[in-house]
Amino acid sequence: ACCYSYWALGAFTLDDIHYWVGEGTNKAAIVIDWNDNSSPASLCWGYRWNGAPRSATQILKEIAETDNRLHISISVSTWGSSLDFIGYDVNDNASYFSNSKSTDSEDWCSSKPNTHYWSQNFAMNPQSFDSATWEYYSTGIDGQMIENGTWYYAKYIDWTTYEASTP
C-alpha cells in the first residue's frame, strides 16, 4: 500500500498504485494521510469495481477487509455516519488497535479525537494527485459517492488550528 516514493520524484498517477482491491473497469484512488509529523508519507490504495458509484464507507470497509494492516472505525449517529478512526500496522506485526491507539508505537493512528478529525476531499479525473483540484465533501461518509476516476483523500487535521484540509 505504501506509495510515497513516487511523490518525491514527481506526479503520482493511478498507474503508480501498487495495491489494488476489487475487480472491474472503474478505478479510484484512496489516499490516507495521518498528518502526525512522524509518518513519512501518505498511503494509497487503488480500488476497482463495475457498475454504479460506491460510497466511501463501502470502499474503505472493503479495503480494510482485504488489507489486514488497515483498521477503520465508522460510527453511526442521528446525523449519519462519520469516519472516526484509521490505523495502519506499519511493520505488519498483528498490532491490536483500540480506542484510537495501537499496541505498537510504530503504527500510524488517529489518536487525538478531541482535537482532530478526518477531513475527506475528492478530485475527479485529475492527471495526477499533484494536479488535482480538490473539493471538500459536504456530506457524511455514507453520502460520499466515489465515481470512476475519483481520487479520495482523507487527512487527519487539527481543527483547533484551522489547518487546511486539502492535500
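Guide: A residue counts as buried when its relative accessible area is under 20%. Keep that in mind as we look at this predicted model.

Visitor: What percentage of the residues of the protein chain count as buried?
Guide: The cut-off is under 20% relative accessible area. The protein chain has 167 residues. The share of them that count as buried is 45%.

Visitor: How many helices and strands are there in the protein chain?
Guide: Helices and strands are counted separately here. The protein chain has two helices and 13 strands.

Visitor: What is the radius of gyration of the protein chain, and how does it fit the globule rule?
Guide: For 167 residues, the globule rule gives 15 Å. The value for this chain is close to that, so the chain is as compact as a globular protein of that length. Its radius of gyration is 15 Å.

Visitor: In what order do the strands of the open sheet of six strands stand?
Guide: Strands of a sheet pair through backbone hydrogen bonds, either parallel or antiparallel. In this open sheet the pairing is mixed. The six strands follow the order 1-3-2-13-10-11.

Visitor: Which strands stand at the edges of that sheet?
Guide: An edge strand here has a single partner strand, so one side of it is left without a neighbour in the sheet. That holds for two strands. They are strand 1 and strand 11.

Visitor: Is strand 13 largely enclosed or left open, and how many of its residues are buried?
Guide: Strand 13 covers residues 150-158. Both of its faces are covered, with Y152 among the buried residues on one side and W151 among those on the other. Strand 13 is largely enclosed by the rest of the structure, because its buried residues number nine of nine.

Visitor: Which strand joins strand 13 in the parallel sense, and which runs antiparallel to it?
Guide: The parallel pair has five bridges, and I30 stands opposite Y152 there. The antiparallel pair has nine bridges, with Y117 facing I157. The parallel partner is strand 2, and the antiparallel one is strand 10.

Visitor: Which residue stands opposite Y136?
Guide: Y136 lies in strand 11, residues 135-136. Two bridges join this strand to strand 10, and the two run antiparallel. The residue opposite Y136 is N121.

Visitor: Is Y136 buried, partly exposed or exposed?
Guide: Partly exposed lies between the 20% and 50% cut-offs. Y136 has a relative accessible area of 48%. So Y136 is partly exposed.

Visitor: Which residues form a nonpolar patch on the surface with Y136?
Guide: The patch has about 330 Å² of accessible area together. It holds Y136 and two more residues, Y117 and W159.

Visitor: Is C44 buried or exposed?
Guide: C44 is found in strand 3, residues 43-49. Its relative accessibility is 1%. The buried cut-off is under 20%, so C44 counts as buried.

Visitor: Which residue forms a salt bridge with E62?
Guide: Side chains of opposite charge can pair when their charged atoms come close. The structure holds one salt bridge. E62 is partly exposed, with a relative accessible area of 23%. The closest N and O atoms are 3.7 Å apart, and the partner of E62 is R54.

Visitor: Leaving aside neighbours within four places in sequence, which residues is L14 in contact with?
Guide: L14 lies in the loop between helix 1 and strand 1. With those sequence neighbours set aside, the contacts of L14 are W20, A28, A29 and W151.

Technical notes: Residues numbered from 1 in each chain as written. Predicted model: local features only at pLDDT ≥ 70, side-chain atom pairs only at ≥ 80, totals over all residues. Heavy atoms only, no water. Patch = residues over 30% accessible without salt bridge, like charges linked within 9 Å, V, L, I, M, F, W, Y side chains within 5 Å. Areas by Shrake-Rupley, 256 points an atom, 1.4 Å probe, with all protein chains shown as cover. Salt bridge = Lys/Arg side-chain N within 4 Å of Asp/Glu carboxyl O. Helix = DSSP H or I, 4+ residues; strand = E, 2+ residues; numbered from the N terminus. Buried < 20%, exposed > 50% of the residue type's maximum accessible area, 1.4 Å probe, protein only. Pairing = 2+ DSSP bridges. Rg over C-alpha atoms; globule rule 2.2 N^0.38 Å. Contact = heavy atoms within 4.5 Å.
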